[in-house]
Amino acid sequence: VQLQASGGGLVQAGGSLRLSCAASGVMFSSINVGWYRQTPGKQRELVARINSAGTADYADSVKGRFTISRDNAKNTMSLQMNRLKPEDTAVYYCIVNPPYRNYWGQGTQVTVSS
């Protein structure tokens, strides 16, 4: 299983970024997928996830600002991040959840300046 994340970068507060993650080697359409983030000294935290049926849920801190989506035909997931805040600054990781274990992408840095 390989995951390739892209789309991070530097943006001003109030701006938008779109993260993407391409998966290979997994039955993408039948598994749950999601995004986590991590800042130095803190545990990795769930940002958003979407199950195989397309139902999504979000961390309270990003509800109404972030939208997770998936394209099963292309084996990709995306995270549209709007109205970004400095506290959204983190390394963002995509994750897929096939049976028995999780697989993580390599992480992409998102930096929001105030």
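These exercises work through a predicted model of one protein.

**Exercise 1. Overall build**

Task: Find how many helices and strands the protein has, and judge its radius of gyration against the globule rule.

Solution:
- Start with the secondary structure. The protein has zero helices and eleven strands.
- Take the radius of gyration next. The value is 13 Å, close to the 13 Å that the globule rule gives for 114 residues, so the protein is as compact as a globular protein of that length.
- Add the extents. The C-alpha trace spans about 40 × 25 × 20 Å along its principal axes.
- Check burial. Of the 114 residues, 37% are buried.
- Finish with contact range. Take the contacts between residues at least 6 apart in sequence: 53% of these join residues at least 24 apart.

**Exercise 2. The four-stranded sheet**

Task: Give the strand order of the open sheet formed by four strands, and state whether the pairing is parallel or antiparallel.

Solution:
- Write the order: β1-β3-β8-β7. The pairing is antiparallel.
- Mark the edges. β1 (2-6) and β7 (66-71) each pair on one side only.
- Get the twist. Neighbouring strands are turned by 15° against each other on average, with direction ignored.
- Look at one pair inside the order. β3 (residues 17-24) and β8 (residues 76-81) pair in the antiparallel sense over six bridges.
- Fix the register. Arg 18 stands opposite Gln 80 in β8.

**Exercise 3. The disulfide**

Task: Locate the disulfide, and determine its handedness and its span in sequence.

Solution:
- Apply the cut-off: a pair of cysteine sulfur atoms must lie within 2.5 Å. The count comes to one disulfide.
- Identify the partners. Cys 21 is joined to Cys 94, with S to S at 2.1 Å.
- Read the torsion. About the S-S bond it is about 55°, so the disulfide is right-handed.
- Place the ends. Cys 21 lies in strand β3 and Cys 94 in strand β9 (residues 90-97), so the pair ties together parts that are 73 residues apart in sequence.
- Check exposure. Both Cys 21 and Cys 94 are buried.

**Exercise 4. A loop arginine**

Task: Decide whether Arg 65 is buried or exposed, and list the polar contacts given for its side chain.

Solution:
- Place the residue. Arg 65 sits in the loop between β6 (56-58) and β7.
- Test burial. The limit for buried is under 20% relative accessible area. Arg 65 has 6%, so it is buried.
- Trace the side chain. It reaches the backbone oxygen of Ser 61 at 2.8 Å. It also makes a polar contact with the side chain of Asp 88 at 2.7 Å.
- List the surroundings. Leaving out residues up to four places away in sequence, Arg 65 touches Gln 80, Met 81, Asn 82, Arg 83, Leu 84, Lys 85 and Asp 88.

How values were computed: Residues are numbered from 1 along each chain as its sequence is written. This is a predicted model: local features need pLDDT of at least 70, side-chain atom pairs count only at pLDDT 80 or more; totals for chains, interfaces and linings use all residues. Side-chain values use heavy atoms; hydrogens and water are left out. Two strands pair if DSSP finds at least two bridges between them. Helices (H or I, at least four residues) and strands (E, at least two) are DSSP runs, numbered from the N terminus. Axes are lines fitted to C-alpha atoms, for helices over the stretch in contact, and angles run from 0 to 180 degrees between N-to-C directions. Buried means under 20% relative accessible area, exposed over 50%, partly exposed in between (1.4 Å probe, protein chains only). A polar contact is a pair of N or O atoms within 3.5 Å; within protein, one must be able to donate a hydrogen and the other to accept it, and residues adjacent in sequence count only if both atoms are side-chain atoms. Contact means heavy atoms within 4.5 Å. The radius of gyration is taken over C-alpha atoms; the globule rule is 2.2 Å times the number of residues to the power 0.38.
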